[in-house]
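Please open the model in a viewer and keep the selection panel at hand. The tour proceeds by successive selections.

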Amino acid sequence: MTTDGALIRLFPVPFRLIRDEQQFKKWQWISAQIYKANDDRRPESYKIYVDTINVDGAPISSNNAWDARRRELSKLQLFTDFRELDYAREAEGITLGLLRPTNVLGLDITPVDDPNWTDEELKKLLQHEQQAGLFDEKDAGAIRTLRKLPFAFHYRYECEIEGKMRNYRHKIADWEIGALYWNCHQRYGDAWESPFREKVEQSLPSKDLMFLMGTIHRFPDQWLIVSVIYPPHERAGAMVQTELAF
């Protein structure tokens, strides 16, 4: 997001090409020169001149129940129903939006058709990365070491509108969810699913869970959960819970 609260999509961001002093973290401000992506019609899509990246200060603190981060999030329009977000896409062309579901109903875990890269998938992946300027021919071996997620993860959730619930289902494309799967698989082996579900299906929804939603470039009417944002509930709510506990 920009400092005035506009969501934008920046790509490519090839971390292996970014100098150490330019490496940035999640929730950290940067400044850089960008330009509108001419091969992507989504209005929020921009490309970035990697060598112009400057890191501006430390990451925004999560202290005091995310006070500083909430101040930045408050600049964004917050949707409380997915249909409302999709209407905004149709009317205004937006393809990024912040959504707060009323309840998470469950997590669907579906095996992919082939847990390994096919030759055709590897060819397309290498071609895409070369076009984006992330890899060259000598890096083809590096792409083969990228692990393909053997499962697809979808949240089922509901949004309350005028006292009525509407149910939705969207795929989770958050990199951190994929990393969580690999960590659970490495630590628990074949028993990975229980701790994975505990985190994604129980722990995250127990917080003030929000979805950063984004559309697919080739399919502009299809949405993904690009990222999950899970601050603690605001302190007033925590105080009420504490009083009830006593």
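The stops below concern a predicted model and pass from its nonpolar cores to its aromatic pairs and a buried arginine.

Begin with the largest nonpolar core, which comprises 29 residues. Select F153, Y155, Y157, F196, F211 and M213, the members with the most contacts inside this core. Colouring by element then shows that α2, β8, β9, α5, α6, β11 and β12 each supply two or more residues, with α5 giving the most, namely five. A second, separate core of seven residues includes W27, L73, L76 and M210.

Next, centre on F153. Beyond its neighbours within four places in sequence, its contacts include L107, I109, I177, Y181, W192 and F196.

Turn now to the aromatic rings, for which the count is 15 pairs. Select F82 and W223: the ring centres are 6.1 Å apart and the planes stand at 90°, so the pair is edge-to-face. This pair joins helix α2 to strand β12 across 141 residues, and both partners are buried. Then select F151 and W192, a tilted pair with 5.1 Å between centres and 45° between planes. F151, in strand β9, is partly exposed at 21% relative accessible area, whereas W192, in the loop between α5 and α6, is buried at 7%.

Proceed to R42, in the loop between β3 and β4. R42 counts as buried because its relative accessibility is 12%, under the 20% limit. Its side chain reaches the backbone oxygen of T215 at 2.7 Å.

Finally, display two charges over rings: K36 over the face of Y46, at 5.7 Å from the ring centre, and R69 over that of W66, at 4.9 Å.

Definitions and conventions:
Residues numbered from 1 in each chain as written. Predicted model: local features only at pLDDT ≥ 70, side-chain atom pairs only at ≥ 80, totals over all residues. Heavy atoms only, no water. Core = buried A, V, L, I, M, F, W, Y, C linked by side-chain atoms within 4.5 Å. Buried < 20%, exposed > 50% of the residue type's maximum accessible area, 1.4 Å probe, protein only. Helix = DSSP H or I, 4+ residues; strand = E, 2+ residues; numbered from the N terminus. Contact = heavy atoms within 4.5 Å. Polar contact = N/O pair within 3.5 Å; in protein donor to acceptor, adjacent residues only side chain to side chain. Phe/Tyr/Trp six-rings, centres within 6.5 Å; stacked < 30°, edge-to-face > 60°. Lys NZ or Arg CZ within 6 Å of the ring centre and 35° of its normal.
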